[in-house]
Amino acid sequence: MISGRQTLASIEKALVSERDNALRLDRQNSELTEKKLKLEQEDLEDYRQLARLRVDLINRELVDSKLDRAEQLVAGVLEKREMVIAEIDTALAAVADQLLQKAGEREMQEAAVDALAEKIDQAEKQTQARLHTDPDYAKQHSQAIEAERIAVHAETKASQSEEELESKGQPYRDDQLFMYLWQKGYGMADYKAGRIVRALDGWVARLIGYSEARANYFRLQEIPGRLRNHADTLRDVAEKEYEILHDMDKKAREEDGITALDDELEKGRKILEDIDKESESILQRREQLEQRKAEFASGDDEQYRNAVEYMSGELRAKELGHLHLAALSTPYPEDDEVVARLLQRDRDRDELSDTIAEMKELRKRHESRLAELEQVRREFKRQRYDSAGSGFASSEVIGLALNEFLRGMASRDSFWRILEQQRRYQKRQANPRFGSGGFGRGTVWGGGCGMPGGGMRFPNSGRGRRAVRPRPSAGGFRTGGGF
């Protein structure tokens with residue numbers, strides 16, 4: 001078994017590793033974009049050389065002027081970008097310090113909450129031991145159990161009778177002659193009919209044995225109602241006995257100071273939640289800074305794009321285009337060498353553009369995976385999976401699932417399902433089913449188990465009715481021979 005804290009540490013370690021990978025990708029992207037810009041700068045020098053070789057073709061001063069403007073623009077852009085990147089790095093360093101501080105605060109608060117939960121668990125154990133030897137409590141507990149048993153038995157009989165009404169009453173409801181007389185109230189004090197109709201109804205009644213069938217059908221309908229009313233009365237008695245026992249549990253907790261400890265624990269958990277909220281706010285700030293830095297690294301910032309577009313336009317302007325064409329038409333080897341370099345850089349630029357596009361897509365996928373892992377970590381802490389007493393059955397399964405998730409072979413949802421399936425709780429000192437906790441209505445003995453909301457909760461059964469449906473007996477009412 002691996003504890004919740006150890007599992008959270010594994011997730012956070014994976015986050016650090018994935019973030020380091022993201023930074024490496026950003027550095028590679030930055031190197032590629034700088035290399036692409038460097039190719040443009042190298043083109044500037046080669047065009048200058050072509051201009052020197054071909055001064056007789058165009059005005060050299062005009063060419064130098066264009067090249068100088070482009071070079072100055074690039075230098076200015078690079079200087080501004082470096083300043084912005086330095087500001088981002090400074091902000092990221094400050095965020096890292098803040099997160100480190102919050103991590104220390106959370107660790108201390110988590111330890112305090114766990115210690116308090118353990119204290120409550122021990123106190124509950126002692127209180128339960130005291131109540132176990134209290135004759136008044138034992139008497140009330142026995143009365144509550146017996147009242148519950150009787151109420152459940154009555155509810156079972158009522159439910160069985162209701163099922164019998166449905167099944168055994170069907171032959172009566174299917175007989176048209178019987179239902180005709182039944183709905184008219186034949187044989188009852190409120191039956192009204194003329195002399196001829198009364199005589200015909202009497203003939204039909206004698207023909208089908210209506211008198212006996214009516215008595216049977218009446219009893220079949222009457223008994224379920226009586227049993228259900230009786231069951232409801234007994235349920236009310238059971239509820240009152242349970243409430244008395246429940247109040248005795250609560251009073252014992254108050255007398256032994258456990259309720260006050262519960263309040264203190266709730267405050268401690270609230271502080272823990274506030275620390276997590278503050279940490280999440282800092283994390284969001286870090287994500288924004290990292291995304292902005294990634295934009296600069298991949299050349300997606302507006303300054304870089306404008307500079308590249310301007311330089312490309314200047315390098316391919318009409319005057320420089322003439323230089324290029326003239327160099328191709330001359331027999332001078334110096335021209336040929338410069339043109340060859342320009343052509344090679346065109347090919348290098350195309351390859352770099354393809355590589356940068358692929359790296360951007362890789363960084364995008366990596367960023368998505370990192371965001372999903374952050375969501376897992378956030379939900380893990382929100383659900384208090386790292387609390388005292390919380391753990392996971394197999395460290396190997398958790399490790400394998402985490403690796404598959406990081407490799408992109410498993411989704412966030414599938415990884416989370418494995419966490420839920422592997423979730424386990426360490427055995428507590430106090431018994432959450434002690435006293436009123438054993439009636440399926442929740443428990444007051446759960447404050448120290450380390451889970452959110454004050455402890456273990458069991459399914460609420462409403463007023464306590466159990467969904468017990470025993471098979472009906474073979475006995476019961478039968479319709480007469482005419483049915």
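Among contacts between residues at least 6 apart in sequence, what share joins residues at least 24 apart? In this protein, 84% of those contacts do. Keep in mind that the model is predicted.

**Whole chain**

Start with everything shown. The protein has 483 residues, and 42% of them are buried. Colour by secondary structure next. You should find 13 helices and three strands. Now switch on the surface. The accessible area is about 27,000 Å², with carbon and sulfur atoms contributing 52% of it.

**First stop: α5 and α6**

Select residues 176-184 for helix α5 and residues 195-208 for helix α6. Two packed helices are described by the angle between their axes and the distance between the axes. Here the axes come within 10 Å and cross at roughly 130 degrees. The pair is therefore oblique: an angle over 145 degrees would be needed for roughly antiparallel. The crossing of α5 past α6 is left-handed.

Show side chains at the contact. On α5, pick L177, F178, Y180, L181 and K184. On α6, pick V197, D201, V204, A205 and I208. Colour them by class. Eight are nonpolar and two are charged, with no polar residue in the contact.

**Second stop: the loop between α5 and α6**

Stay with this pair and move to the loop that links α5 to α6. Select G187, which lies in that loop. Is G187 buried or exposed? Its relative accessibility is 52%, so G187 counts as exposed, the cut-off being over 50%. Now add S211 to the selection. S211 is 24 residues from G187 along the chain, yet their C-alpha atoms are separated by 7.6 Å. Draw that distance in the viewer to see the two positions together.

**Third stop: α12 and α13**

Jump along the chain. Select residues 395-406 for helix α12 and residues 412-422 for helix α13. These axes also come within 10 Å, and they cross at roughly 175 degrees. How do the two helices run relative to each other? They are roughly antiparallel, because the angle is over 145 degrees.

Show the contact residues again. From α12, choose V397, I398, A401, L402 and F405. From α13, choose R412, F415, I418, L419 and Q422. By class, this contact has eight nonpolar residues, one polar and one charged.

**Last view**

Put both helix pairs on screen. One is the oblique pair, α5 with α6. The other is the roughly antiparallel pair, α12 with α13. Each contact has eight nonpolar residues.

Terms used. Residues are numbered from 1 along each chain as its sequence is written. This is a predicted model: local features need pLDDT of at least 70, side-chain atom pairs count only at pLDDT 80 or more; totals for chains, interfaces and linings use all residues. Side-chain values use heavy atoms; hydrogens and water are left out. Helices (H or I, at least four residues) and strands (E, at least two) are DSSP runs, numbered from the N terminus. Buried means under 20% relative accessible area, exposed over 50%, partly exposed in between (1.4 Å probe, protein chains only). Contact means heavy atoms within 4.5 Å. Accessible areas come from the Shrake-Rupley method with a 1.4 Å probe; for residues, only the protein chains shown count as cover. Axes are lines fitted to C-alpha atoms, for helices over the stretch in contact, and angles run from 0 to 180 degrees between N-to-C directions. Angles under 35 degrees count as roughly parallel, over 145 as roughly antiparallel, 65 to 115 as roughly perpendicular and the rest as oblique. A crossing is left-handed if the near helix is turned anticlockwise from the far one by less than a right angle, and right-handed if clockwise. Ala, Val, Leu, Ile, Met, Phe, Trp, Tyr, Cys and Pro count as nonpolar, Asp, Glu, Lys and Arg as charged, and the others, Gly among them, as polar.
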